[in-house]
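Q: I would like a close look at a single part of this model. Please take it step by step and keep the wording plain.

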Amino acid sequence: MSRKNLQAAPPALFPAAAERRRIDDWLTTALIEASSRVQTGPVTPTIDITKFRDELAAQDFNQPRELQEVLSWTIERMQTGLVQMGNPRYFGLFNPAATFPAQCADRIASLFNPQLASSASSPVPVELESHVIRAVGRRAGLADAVSGHFATGGSEANYTALICALTKGHPEFATRGTQAYQGPLRFYTSRECHIAWLKIAHQAGVGRAALRLVNTDGRGQLDPEALRRMIAEDRALGAVPIMVVATAGTTGGGMVDPLSVCAEIARAEGMWYHVDAAWGGAALASERLRGLLRGIEKADSITIDAHKWLATTMGCAMFITTHGSLLSEAFHCSTSFMPSSVSGIDPYLNSVQWSRRFIGLRLFLALSVAGWEGLAAHVERSVEVVDLIKQRLLERGWSVANASGLAVLDVLPPAGSEAVRSLVRQVVASGRAWVAPTSFEGRDVVRICVTHGETSAADVDELVAALNDYAASQ
Ligand SMILES: Cc1ncc(COP(=O)(O)O)c(C=O)c1O
């Protein structure tokens, strides 16, 4: 049999080992240098996006470029073309400066590129992820039989909770969908929830009207009496309540709903109880702070995003439940091409995704090298930084709108200052710090969240100075 001469693999895609090493070494140094420039540079993008579009338009991919040149160009544009989570004066929307172990995890995952759909394809990664999920579930105080999986984000994990609630709620939901139910479906969470629940209701097919936003108590926490009343009213109208969602760390104010009372209401009404601890779940690491989440152990399921306060790279959420068999029921299917089909183990049979990246390694490495104690120190430090900001602003006549105990501060400038939205716009445009405007219990506030593990007292001074400068600028 004659041997066919195969073409060489394109070297631009699969360079020789020595060239890979050269580029890799160069890239490592370039990234370290970029990271230190990001830490001291402006927080906000400075790029002229019109010029950038022209640059892109000139790239028709007919003229290959050198890899090092394109990498250098990309790093340069990243440095000026985005809000910098790696800057310690980013006091933003829960997006962290990623920990170094999490970044190492991404390099390893990129190299091996394992397929985590099946336990036969990736026995070690699948076991490792389950181990982390069980450890976090136990930390939350859930019963021993904890299961779950990593997900792309809190939205996917929360969507999974709704699917579990629907599957548990009626034995025929799997085949007949929402028609199996006797009336329109309803689920409940507070007005201060993360509003992706609307999209979740839409995509799950229960309709956006199924989401019932329960009043809060004036302090940003779900009002249990309002919840009880709403459920009773809905039942009287022939609707079918299926799930209560409590938020442990609201997006706007970092408030924790009354978790135990919500659990009791859900139990008494025969409903699924989910705790959305996408951001606040990190407080479980800290002996000092975990008491704020008391009641989370009563949940049927929990969402925790490691890519928020646990500071992994994006996106690295966890869906954790004590009803593993329900996940298998909701996501089962069978096909001959998959290398394994073990109910309760193979991720593709227990979750929304099929092909999946090895993301759990990020939290595994962080936990392995820092331990719970190290993560606790990270979380507690953020709260200390928030306390320092609070103190500095109170001294200058600002007031605080929320009483969170976690690392989000909602503040109002002194009377007669620039309006909140305009003041925030000016702070952000200056590049000196990044904060957000939000509405907390009906009032416009400046939202300050500590998301960077290395924010210093000097960074706090600069934030406070910027806020004061623009508050007085009208
Ligand atoms: C409480 C809460 N739940 C859910 C989400 C959505 O998570 P993700 O952005 O990871 O989809 C967020 C995002 O900030 C959140 O704060």
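Which helix gives the most residues to the lining of the largest pocket?

A: The model is a predicted one. In it, helix 1 gives the most to the lining of the largest pocket, with nine residues. The largest pocket has a volume of about 1,400 Å³. Its lining is made up of 35 residues, and the closest of them to the centre are Leu31, Ser35, Ala98, Gln103 and Thr313. Three elements give two or more residues to this lining: helix 1, which spans 17-40, together with helix 3 and helix 4. By residue type, the lining of the largest pocket divides into 18 nonpolar residues, 13 polar ones and four charged ones.

Helix 3 and helix 4 also lead to the next point, the loop between them. Helix 3 covers 67-80, helix 4 covers 100-112, and the loop between the two holds Phe94. Met85 lies in this loop as well.

Aromatic rings come next. A pair of aromatic rings is described by the distance of the centres and the angle of the planes. The model has eight aromatic pairs. In one of them, the ring centres of Phe94 and Trp279 are 4.5 Å apart and the planes are at 10°, under the 30 degrees set as the limit, so this pair counts as stacked. Trp279 lies in the loop between strand 5 (272-276) and strand 6 (301-305), so its pairing with Phe94 ties together parts that are 185 residues apart in sequence. Phe94 and Trp279 are both buried. Together with Trp309, Phe94 and Trp279 form one aromatic cluster.

The ring of Phe94 has a charge over it too: the charged end of Arg447 sits there, 4.7 Å from the ring centre. A second arrangement of this kind involves Arg65, whose charged end sits over the ring of Trp73 at 5.3 Å from its centre.

Back in the loop, Met85 has a relative accessibility of 24%, so Met85 counts as partly exposed; the limit for buried is under 20%. Leaving aside residues up to four places away in sequence, Met85 touches Tyr90, Asn95, Pro96, Ala97 and His452. Met85 can also be placed against Ala370: the two are 285 residues apart in sequence, and their C-alpha atoms are 21 Å apart in space.

To sum up, helix 3 and helix 4 both give residues to the lining of the largest pocket, and the loop between them carries Phe94, which pairs with Trp279.

How values were computed
Residues are numbered from 1 along each chain as its sequence is written. This is a predicted model: local features need pLDDT of at least 70, side-chain atom pairs count only at pLDDT 80 or more; totals for chains, interfaces and linings use all residues. Side-chain values use heavy atoms; hydrogens and water are left out. Rings of Phe, Tyr and Trp (its six-membered ring) pair if their centres lie within 6.5 Å; planes under 30 degrees apart count as stacked, over 60 as edge-to-face and the rest as tilted. Helices (H or I, at least four residues) and strands (E, at least two) are DSSP runs, numbered from the N terminus. Buried means under 20% relative accessible area, exposed over 50%, partly exposed in between (1.4 Å probe, protein chains only). A charge sits over a ring if NZ of Lys or CZ of Arg is within 6 Å of the ring centre and within 35 degrees of the ring normal. Contact means heavy atoms within 4.5 Å. On a 1 Å grid over the protein atoms alone, a cavity is a set of points where a 1.4 Å probe fits but cannot get out, and a pocket is an open set with protein on both sides within 12 Å along at least five of seven lines; lining residues have an atom within 4 Å of a point. Grid points are joined across faces, edges and corners, and a volume is the space filled by probe spheres set on the points. Ala, Val, Leu, Ile, Met, Phe, Trp, Tyr, Cys and Pro count as nonpolar, Asp, Glu, Lys and Arg as charged, and the others, Gly among them, as polar.
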